[in-house]
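Dear colleague,

Please find the structure below, with notes on what turned up in it. The notes start with the whole chain and then go to single elements and residues.

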Amino acid sequence: MITDGYVYIFDTTLRDGEQSPGCSMTLEEKLRLARRLEDLGVDVIEAGFPAASRGEIASVKQIAAVVEKSQVAGLCRTREQDILAAWEGVKAAARPRLHVFIATSELHMKYKLKLTREQVLEEIRRGVGLCRSFCDSVEFSAEDATRSDIGFLKEAFACAIDAGATVLNIPDTVGYTMPSEYTTIVGEISQVVGDKEVIISTHCHNDLGLAVANSLAAIATGARQVECCVNGIGERAGNASLEEIVMAIKVRKDLFGCNTGIKTQEIAAVSRIVSEITGMPVPATKPIVGRNAFAHEAGIHQHGMLSDPRTYEIMRPADVGVTESKIILGKHSGRYALQDRLITLGYRLSTTQLAAVFERFKVLADKKKNIYDEDLHALVAEDTYNIRSRYELINIEFKGGTETEPWAKATVAYNGQQHTSEATGNGPVNAVIEAIRQATDNDSVTLEDYGLTALTGGADAQARASVKIAEKELVSHGQGTHIDVVMASALAFVNALNHQALQMEILNSRNSKPPPK
Ligand code: KIV
Ligand code: ZN
């Protein structure tokens, strides 16, 4: 078993992360993220599940074509057409990997697969063998491993090694296991591996809030690959969070004696990109990347911090790319000052993108005296928010007061036409959202959640609104930023509608076009 001090980071934000309710991404967004993950230093990028649809194969192919250093993995079940689709997706990658899985727990084998143990072992032999005939790097995952009979799990992994697997992944598919149990399982599988050149990998879901703890327990027991997602997004309660694992390994090097290839200073920027693309806000208290992760409120803490930051900080904000603004920009700042600051914040913009951000910067600087880093992040993010442009907010008007019923009028462009509606509500935000809902004919969409945060301090702070909407089972998120809270809310709602339209498109393409045989 390979147990040197290097822990491979396998990022599945584009696959398991995209399976989060409401986190579908466009191809353009996936390519942008894949490039940033590669720059971050991720060892493996799981680009998707090609058998899902022709669209998914095409998107995995394009990711494979742009990524040079990281391995690009395609997920597949053991069935032949899945493996062919996955290979079709990744074969052009500079460093392809096939990731093949089948469930090994009694529950899954009996009720989902309807296969006996012997049949599952046969599937592993055949599936892994076929993958290996195409690709030198083959990972085998035993789905629901942590609820599988340990004796059978060992047999399954032994079978995968014999068939040519180079990585054995032990998924805690339903986030059920405890660190002590997972340690035992990893220990048992290590015995199966013995001295073979095979890596043991972890893949933990967060249903009980233990995904990171379980992944770290596995590393302490010799696992050398961790599967994780940026911001911990993923099915249900999410996957283990990339940033938390990487920083735990780094901060507690004394304990783990390991390192990763992640350029940790890029973490904050990549976290922001994932949040913008998915519309999913990062909770303020989220470790490493939350807004409060390095904020010190209590006087006693502030005093300690001023004497020596190590009193209350176990890592420096700069280590994860959280920079403190030394230069505050304003309306007299030029394009070069803006560009310089954006580069420090981790943005690489083309000349056209910079010109567009500079335009927006000037408009904002006319309304707001000091432009802080958070304002700049929001200005850059506007491009991302506008990518899904089925609906475009053209104009809103609103009125209200202590004695007047809040009223709003919204004009939204879609299908090549502008549509206007008026509505009243129990507050201006509610009235505007109602007007947009009517203007866009989205009567059955419900607002499930709404949040507002001030991006910076002061009376002229920009507000970021986050919304969650639902239509039947389909959940979508949206964000919007503006100096006016009603406008921020309107933008967030339109952004969520655009995310929803995209998800519908993806679902329809999956349902109407089966993958090739
Ligand atoms: O959670 C899981 O079991 C998975 C496997 C397909 C690796 O995502
Ligand atoms: Zn998973």
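**Overall picture**

The protein has 17 helices and 14 strands. Please keep in mind that this is a predicted model.

With 517 residues, a compact globule would have a radius of gyration near 24 Å, and the protein agrees with this because its own value is 24 Å. Along the principal axes, the C-alpha atoms fill a box of roughly 75 × 60 × 40 Å. Of the 517 residues, 55% count as buried. The accessible surface comes to about 22,400 Å², and carbon and sulfur atoms hold 51% of that. Among contacts with a separation of 6 or more, 66% are between residues 24 or more positions apart. As for charge, there are 55 positive and 67 negative side chains, and the centres of the two sets lie 3 Å apart.

**Two helices**

Helix 3 covers residues 80–90, and its buried residues are Asp82, Ile83, Ala85, Ala86, Trp87, Gly89 and Val90. These buried residues pack against two helices and two strands: helix 2 (54–66), helix 5 (117–134), strand 3 (71–77) and strand 4 (96–103).

Helix 16 runs over residues 428–439. At 1.5 Å a residue its 12 residues should span 16 Å, and the end C-alpha atoms are 16 Å apart, so the expected and modelled spans agree. Buried in helix 16 are Val429, Ala431, Val432, Ile433, Ala435, Ile436, Arg437 and Ala439. An α-helix has 3.6 residues a turn, so residues three or four places apart point the same way. After helix 16 comes Asp441, with a positive phi near 65 degrees.

**Around strand 4 and helix 4**

Thr104 sits in the loop between strand 4 and helix 4. Its relative accessibility is 0%, so Thr104 counts as buried. Not counting residues up to four places away in sequence, Thr104 touches Met109, Ala142, Glu143, Ala145, Ser148, Phe152, Leu153 and Ala156. The C-alpha atoms of Thr104 and Thr146 are 9.3 Å apart, with their places 42 residues apart in sequence.

His108 belongs to helix 4 (residues 106–113). With a relative accessible area of 14%, His108 is buried, the cut-off being under 20%. Leaving aside neighbours within four places in sequence, the contacts of His108 are Ala103, Leu113, Lys114, Glu143, Asp144 and Arg147. Glu143 thus appears in the contact lists of both Thr104 and His108.

**Where two loops meet**

Asp16 is placed in the loop between strand 1 (8–11) and helix 1 (27–40). Asp16 is buried, at 3% relative accessible area. Beyond its neighbours within four places in sequence, Asp16 is in contact with His203, His205, Cys229, Gly234, Glu235 and Asn239. Cys229 is 213 residues away along the chain, yet the C-alpha atoms of Asp16 and Cys229 are separated by 7.7 Å.

Glu235 is in the loop between strand 8 and helix 9. Is Glu235 buried or partly exposed? Its relative accessible area is 27%, so Glu235 is partly exposed, since buried means under 20% and exposed over 50%. Leaving aside neighbours within four places, Glu235 is in contact with Asp16, Gln19, Ser20 and His205. Its C-alpha atom lies 8.2 Å from that of Glu18, and these two residues are 217 apart along the chain. Asp16 and Glu235 are in contact with each other, and His205 is listed for both Asp16 and Glu235.

**Positive phi in non-glycine residues**

Asn231 lies in the loop between strand 8 (225–228) and helix 9 (242–251). Its phi is positive, about 65 degrees, although Asn231 is not a glycine. Asn231 is buried, with a relative accessible area of 11%.

Ile288 is another residue other than glycine with a positive phi, near 70 degrees. Ile288 is found in the loop between helix 11 (267–278) and helix 12 (299–307). Its relative accessibility is 8%, so Ile288 counts as buried.

Regards

Methods:
Residues are numbered from 1 along each chain as its sequence is written. Chains are lettered from A and ligands numbered from 1 in the order in which they are written. This is a predicted model: local features need pLDDT of at least 70, side-chain atom pairs count only at pLDDT 80 or more; totals for chains, interfaces and linings use all residues. Side-chain values use heavy atoms; hydrogens and water are left out. Helices (H or I, at least four residues) and strands (E, at least two) are DSSP runs, numbered from the N terminus. The radius of gyration is taken over C-alpha atoms; the globule rule is 2.2 Å times the number of residues to the power 0.38. Buried means under 20% relative accessible area, exposed over 50%, partly exposed in between (1.4 Å probe, protein chains only). Contact means heavy atoms within 4.5 Å. Accessible areas come from the Shrake-Rupley method with a 1.4 Å probe; for residues, only the protein chains shown count as cover. Lys and Arg count as positive and Asp and Glu as negative; His and the chain ends are not counted. The place of a charge is taken as NZ of Lys, CZ of Arg, CG of Asp or CD of Glu. The expected span of a helix is 1.5 Å times one less than its number of residues.
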